[in-house]
Amino acid sequence: MTDNDLSRRRRSRLQLLLVAAMFLGSFAVAAALFFGGWKPTQTRNFGRMLDPYPMLQDIALTRADGTPWRWQPALRHWHILVPAPTAADCDARCASLLDALHRVWYSEGRHAERLHVLWLGELPATAPAFSGLVALQPQPEVEMRLPERASVAGVPVYLVDGSGYVVLHYPAGFDPVQLRKDLGRLLK
């Protein structure tokens, strides 16, 4: 074997080791960050991610007309949950919130069929009628599991997956555009 062949072999091995080190090194860094408990300080979503996720699947929900409403995880729908205050406390701000949620639902276009707005409580008199709106009877047990309740500042909104896990929280007075952006990433 000549010195030239030996040099070529060493170079080939060195290149192979360098490629393997780059691959395994990045994997090792990712594993160290994951198992070390590191979490990014910012995420792409606008709503606040809840940890742990409150589960609502075990609560029997009833539509406003008295028929039962069930979670259907196989359909992979998303739900915007609104725990509305009583009709006496729900004035023009509830009507404007419902109008904004109707616009968010409508903006999803062909994906809107995979989105439901679950309104817990009495609908405002000026509520827009759309196929994604599901009026539910008030359920105190649901409201007890949520991190914030309706207040003078407004009504909070929650994003719930198809299995009944509350994933994101939007505080009272949130920007509906932020909810639409989060839904755009989830529904597509």
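These exercises, each with a worked solution, cover the sheet, the salt bridges and the aromatic pairs of a predicted model.

Residues are numbered from 1 along each chain as its sequence is written, and side-chain values use heavy atoms, with hydrogens and water left out. Because the model is predicted, local features need pLDDT of at least 70 and side-chain atom pairs count only at pLDDT 80 or more, while totals for chains, interfaces and linings use all residues.

**Exercise 1. Lay out the sheet and name its edge strands.**

Step 1. Fix the terms. Helices (H or I, at least four residues) and strands (E, at least two) are DSSP runs, numbered from the N terminus. Two strands pair if DSSP finds at least two bridges between them.

Step 2. Write the order. The sheet is open, has 6 strands and runs β1-β8-β7-β4-β5-β6. Its pairing is mixed.

Step 3. Find the edges. β1 and β6 (133-136) each pair on one side only, which makes them the edge strands.

Step 4. Add the helix. α2 packs on the sheet and touches β4, β5, β6 and β7 (contact: heavy atoms within 4.5 Å). The direction of α2 makes about 165° with that of β5. Such angles run from 0 to 180 degrees between N-to-C directions; axes are lines fitted to C-alpha atoms, for helices over the stretch in contact.

**Exercise 2. Work out the pairing around β8, then compare β4 with β5.**

Step 1. Recall the principle. Strands of a sheet pair through backbone hydrogen bonds, either parallel or antiparallel.

Step 2. Take one neighbour of β8. Strand β1 (residues 48-49) pairs with β8 in the antiparallel sense, over 2 bridges. M49 stands opposite L168 in β8.

Step 3. Take the other neighbour. Strand β7 (residues 157-160) runs antiparallel to β8, and 4 bridges join them. Y158 has H169 of β8 as its bridge partner.

Step 4. Look at the turn. The hairpin of β7 and β8 has 5 residues between the strands, and G164 there takes a positive phi near 100°.

Step 5. Turn to β4 (residues 78-83) and β5 (residues 115-120). They run parallel and share 6 bridges. V82 stands opposite W119 in β5.

Step 6. Check the cover of β8 (residues 166-170). The strand is mostly covered, with 5 of its 5 residues buried. Buried means under 20% relative accessible area, exposed over 50%, partly exposed in between (1.4 Å probe, protein chains only).

**Exercise 3. Describe the surroundings of D182: is the residue buried or exposed?**

Step 1. Place the residue. D182 is found in helix α4 (residues 176-187).

Step 2. Read its accessibility. At 3%, D182 counts as buried.

Step 3. List its contacts. Beyond neighbours within four places in sequence, D182 is in contact with R44, N45, F46, G47, L168 and Y170. L168 is the residue opposite M49.

Step 4. Find its salt bridge (a side-chain nitrogen of Lys or Arg within 4 Å of a carboxyl oxygen of Asp or Glu). D182 forms one with R185, the closest N and O atoms being 2.8 Å apart. The two are separated by about one helical turn, because they lie 3 residues apart in α4. R185 is partly exposed, at 35%.

**Exercise 4. How many salt bridges does the whole structure hold, and which residues form a network?**

Step 1. Count. The search finds 4 salt bridges.

Step 2. Examine α2 (residues 92-107). D99 and R103 meet at 3.0 Å, N to O. They are 4 residues apart in this helix, so about one helical turn separates them. D99 is partly exposed at 29%, and R103 is exposed at 56%.

Step 3. Examine α3 (residues 140-145). E141 and R145 meet at 3.2 Å, N to O. They too are 4 residues apart, about one helical turn. E141 is partly exposed at 40%; R145 is partly exposed at 27%.

Step 4. Identify the network. Salt bridges link D58, E141 and R145.

**Exercise 5. Classify two of the aromatic pairs.**

Step 1. Set the criteria. Rings of Phe, Tyr and Trp (its six-membered ring) pair if their centres lie within 6.5 Å; planes under 30 degrees apart count as stacked, over 60 as edge-to-face and the rest as tilted.

Step 2. Count. The structure holds 4 aromatic pairs.

Step 3. Take W105 and F130. Their centres are 5.1 Å apart with 40° between the planes, a tilted pair. The pair links distant parts of the chain: W105 in helix α2 and F130 in the loop between β5 and β6, 25 residues apart. Both W105 and F130 are buried.

Step 4. Take Y170 and F174. Their centres are 5.5 Å apart and their planes lie at 45°, so this pair is tilted. Y170 and F174 are both buried.
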